[in-house]
Amino acid sequence: MARLIASVGIAHAPGVTGWIDKAPRHEQDAVLAGYAEFHRRMKELKPDVVIGVANDHLLNFPMENIPDFCVGIGDDWEGPAPWFRDWLNVPDYKVSGHRALGRALVRESARAGINHAFAEQLLFDDNWSVPLKFLFPEYGVKFVPIHMNCIVPPMPAAERCLEVGRQIARIVRDFPGDERVVLMATGGLSHDPGGPDYFTVHEDFDRWFMGLMESGDLDRVRREVTFDKLLTGGDGGAAELLAWLVAMGAAAEHGQPRGENVFYVPSVPMRCGMGGSYWSLS
């Protein structure tokens with residue numbers, strides 16, 4: 001059977017590839033060291049498949065019809081999407097998909113009462129282009145993207161995100177193969193692209209959230225991660241952290257909900273709190 005060997009929550013802000021040179025050297029070094037540590041761990045783990053969970057920035061779905069979760073079942077994926085090429089500063093890339101696992105995620109989730117949309121084609125922006133560049137720079141893994149709604153109310157609640165993560169872990173465990181799988185959730189931390197907090201990083205919010213990941217306290221997550229609370233981290237972006245709850249739920253299914261906070265840098269020049277949490281499941 002396939003094995004989920006790690007779960008990851010990590011920021012994907014475009015500033016880290018597009019304009020990191022605008023940040024002070026110590027911030028650049030700390031952020032790049034954090035991504036390098038995740039890359040080192042991925043090289044050590046040698047996953048065959050990465051299941052990605054991140055928000056769709058209204059690139060693939062319109063505001064009036066955006067699914068809570070949409071699983072990519074294509075054979076191949078390419079990025080960045082055309083509009084992002086000039087400023088994201090990530091070279092064009094191609095990564096293989098895993099159709100069978102993607103279809104299993106849709107089919108088996110439905111049997112468990114969780115209906116996901118699915119798509120053979122999805123456009124990638126910073127949600128995948130940034131973390132793939134740093135964690136898998138050779139693009140040598142198979143990739144199953146899951147785009148989720150973290151922007152348009154009503155968004156999935158914390159409890160649903162945790163359960164979706166649990167269900168992903170169960171499906172991987174029952175998948176008839178020997179794949180080593182990593183769940184990589186990306187987004188956040190506090191940021192507000194184009195909004196009133198665009199030039200602000202809410203460090204207290206970020207440290208509260210990463211403390212939750214470190215606590216492993218699912219009841220506290222259910223109680224504290226509300227829609228209104230997420231708005232305090234920037235109403236245009238902090239809700240991306242719902243993806244991290246999917247990663248935490250998958251880890252909880254393995255009996256290891258306590259995350260390790262690998263790095264955190266509050267970077268106003270990058271317009272985002274930058275950080276990452278890690279759950280070792282191997």
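Buried means under 20% relative accessible area and exposed means over 50%, with partly exposed in between. The structure used in these exercises is a predicted model.

**Exercise 1. Accessibility of a charged pair**

Decide which class, buried, exposed or partly exposed, Glu159 belongs to, and then find which residue's side chain meets the side chain of Glu159 in a salt bridge.

*Solution.* Begin with the accessibility: Glu159 has a relative accessibility of 38%, so this residue counts as partly exposed. Next, look for the partner, which is Arg222, whose side chain meets that of Glu159 in a salt bridge at 2.2 Å from N to O. The pair links distant parts of the chain, since Arg222 sits in helix α8 (residues 218-224) and Glu159 in helix α6 (residues 158-174), 63 residues apart. Finally, apply the classes to the partner: Arg222, with a relative accessible area of 33%, is partly exposed as well.

**Exercise 2. Salt bridges elsewhere in the chain**

Establish how many salt bridges a search of the whole structure finds, and work out which parts of the chain the pair Asp75 and Arg99 ties together.

*Solution.* The search of the whole structure gives 20 salt bridges. One of them joins the side chains of Asp75 and Arg99, with 3.1 Å from N to O. Asp75 belongs to the loop between β3 (69-72) and β4 (76-79), while Arg99 belongs to helix α4 (residues 99-111), so the pair ties together parts that lie 24 residues apart in sequence. Asp75 is partly exposed at a relative accessible area of 45%, and Arg99 is partly exposed at 25%.

A further pair to locate is Arg107 and Glu108, whose side chains meet in a salt bridge at 3.0 Å from N to O. Here Arg107 has a relative accessible area of 41% and is partly exposed, and Glu108, at 24%, is also counted as partly exposed. As a last step, trace the network of salt bridges that links Glu163, Arg166, Arg170, Arg173, Asp174 and Glu253.

**Exercise 3. The nonpolar cores**

Identify which residues touch the most other members of the largest nonpolar core, and which helix gives the largest share of this core.

*Solution.* The largest nonpolar core has 58 residues, and among these Ile168 and Leu245 touch the most other members. The largest share of this core, ten residues, comes from helix α10 (residues 242-253). To see the surroundings of Ile168, set aside its neighbours within four places in sequence; the contacts that remain are Ile51, Val53, Leu105, Ile146, Leu183 and Val246. There is also a second, separate core of 47 residues, which includes Val31, Phe84, Phe136 and Cys272. As background, nonpolar side chains in soluble globular proteins tend to be buried together.

**Exercise 4. Two pockets**

Find which residues lie closest to the centre of the largest pocket, and which helix gives the largest share of the lining of the second largest pocket.

*Solution.* Start with the largest pocket, which holds about 390 Å³ of space. Its lining has 21 residues, of which Pro14, His57, Trp87, Asp126 and Pro193 are the closest to its centre. Sorted by class, this lining has eleven nonpolar, six polar and four charged residues.

Then turn to the second largest pocket, with about 230 Å³ of space. Its lining includes His39, Met42, Lys43, Phe136 and Glu138, and the largest share, three residues, comes from helix α2 (residues 25-45). By class, the lining of the second largest pocket has seven nonpolar, two polar and three charged residues. Phe136 therefore appears twice in these exercises, as a member of the second core and in the lining of this pocket.

Technical notes
Residues numbered from 1 in each chain as written. Predicted model: local features only at pLDDT ≥ 70, side-chain atom pairs only at ≥ 80, totals over all residues. Heavy atoms only, no water. Core = buried A, V, L, I, M, F, W, Y, C linked by side-chain atoms within 4.5 Å. Buried < 20%, exposed > 50% of the residue type's maximum accessible area, 1.4 Å probe, protein only. Helix = DSSP H or I, 4+ residues; strand = E, 2+ residues; numbered from the N terminus. Contact = heavy atoms within 4.5 Å. 1 Å grid on protein atoms, 1.4 Å probe; cavity = no way out; pocket = protein on both sides within 12 Å on 5 of 7 lines; lining within 4 Å. Points joined across faces, edges and corners; volume = space filled by probe spheres on them. Nonpolar A, V, L, I, M, F, W, Y, C, P; charged D, E, K, R; others polar. Salt bridge = Lys/Arg side-chain N within 4 Å of Asp/Glu carboxyl O.
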